[in-house]
Amino acid sequence: MSEYTITVIKNENPKSKPASDELKFGKYFTDHMFIQDYNMEKGWHNARIIPYQPVALDPAAMIFHYGQTVFEGLKAYRTKDNEIQLFRPNKNMERLNRSNDRICIPPIDEEFAIKAIKHLVKIDSDWIPAAEGTSLYIRPFIIATEPYLGVNPSATYQFIVILSPVGAYYESGINPVKIAVENNYVRAVKGGTGEAKTAGNYASSLKAQEVVAKEGYAQVLWLDGLEKKYIEEVGSMNVFFKIDGKVITPQLNGSILEGVTRNSVIEMLKHWDIPVVERKISMQEIYNAYESGKLEEAFGSGTAAVISPIGELAWGEKKIYINNGETGELSHKLYDTLTGIQYGKVEDPFGWIVKVSN
Ligand SMILES: *Cc1c(COP(=O)(O)O)cnc(C)c1O
């Protein structure tokens, strides 16, 4: 089924590339993009790599009205030996198809998509920055393109992949962030779309983010949508707590996004024989652990930030200070190991690395 045929049209007018120290997150885009169409008769077809360009859509295209869309996020890394590698791209493509299923988008061919991503990354490989901590962010996404205002799944789609060189998330090593626990708005509820990587989850999160940003907090920590007691995740990261020598992360419950980084953290902890459990955990339990001096570390995990230590949690009037606002030993070790594997500096005992060049 997945014979790999793809048309390539080279960009004859490549852009000038930003300097490594100008890179932010998702601000610059490379010279090419991948695009593939879907219709009922042909399924997914007409895969092509073309010059980066605007997408022309009918104003009635269903994506604009009902948000039928999914996305992914992964990175390509340049190693010291100038090799280019991806981190667990199969996990992202599996998740893309789980998101597709939830939003009634037809499944993609995962193997074909990984080949296309590698091909695109290779064509734009000059865009992959080499400076410490930089990488090429890969954004695959699917949009509903049928011009129709009825509420049902679109009959046509486009699968697109764009690339963006990104800077080091932390300018001076890893710095703990201040997080506000959200007691008013909710991100998702069980049965909703929380476990799908879809635009609507982000649109609904903006308000809470805007409110806490004014008070100096970097992100919100979401609680469960029913009782607002149990911890779900932080912004676009999954969350971990180290309490009395044990690592705890909220168990997947239908409203939490299953992060590739989350899964990798759990695997690394198991590999090191550090106790790790996935279970329901309440904010009250975190507060009690803090008061009894047992809350040792807290951190978020995600592709963009890798490991993001939490230095302070504001829970209504209560403030929780973690590890004196400093990066904990375990957070540091996880960050170093994960980035070490991604950049080819340390051995990958897990088989997570997929090389682009071959
Ligand atoms: C993408 C995402 C994450 C992190 O997933 P990774 O695969 O680790 O990058 C966590 N939470 C939300 C809501 C996300 O969209």
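This passage describes the domain layout of a predicted model and the surroundings of its ligand.

In the predicted model, the protein chain is divided into two parts, with domain 1 covering residues 7–166 and domain 2 covering residues 177–342. The C-alpha centres of domain 1 and domain 2 are separated by 27 Å, and the contact between these domains draws on 21 residues from domain 1 and 19 residues from domain 2.

The ligand is located in the largest pocket, where 15 residues surround it, the closest being K197, Y202, E233, T261 and T303. When the shell around the ligand is sorted by class, seven of its residues are polar, four are charged and four are nonpolar.

Polar atoms of the protein approach oxygen atoms of the ligand at several positions, through side chains as well as through the backbone. In the side chain of Y202, an N or O atom is found 2.3 Å from an oxygen atom of the ligand, while for T261, which is also listed among the closest residues, a polar side-chain atom lies 2.6 Å from a ligand oxygen atom. At V260, by contrast, a backbone N or O atom takes this role, at 2.8 Å from an oxygen atom of the ligand. Of the 380 Å² that the ligand exposes when taken alone, 96% is buried by the protein.

Conventions
Residues are numbered from 1 along each chain as its sequence is written. This is a predicted model: local features need pLDDT of at least 70, side-chain atom pairs count only at pLDDT 80 or more; totals for chains, interfaces and linings use all residues. Side-chain values use heavy atoms; hydrogens and water are left out. A residue is near a molecule or strand if one of its heavy atoms lies within 4 Å of it. A polar contact is a pair of N or O atoms within 3.5 Å; within protein, one must be able to donate a hydrogen and the other to accept it, and residues adjacent in sequence count only if both atoms are side-chain atoms. Accessible areas come from the Shrake-Rupley method with a 1.4 Å probe; for residues, only the protein chains shown count as cover. On a 1 Å grid over the protein atoms alone, a cavity is a set of points where a 1.4 Å probe fits but cannot get out, and a pocket is an open set with protein on both sides within 12 Å along at least five of seven lines; lining residues have an atom within 4 Å of a point. A molecule sits in a cavity or pocket if more than half of its atoms lie within 2 Å of its grid points. Ala, Val, Leu, Ile, Met, Phe, Trp, Tyr, Cys and Pro count as nonpolar, Asp, Glu, Lys and Arg as charged, and the others, Gly among them, as polar. Domain bounds come from an automatic or database domain assignment. Contact means heavy atoms within 4.5 Å.
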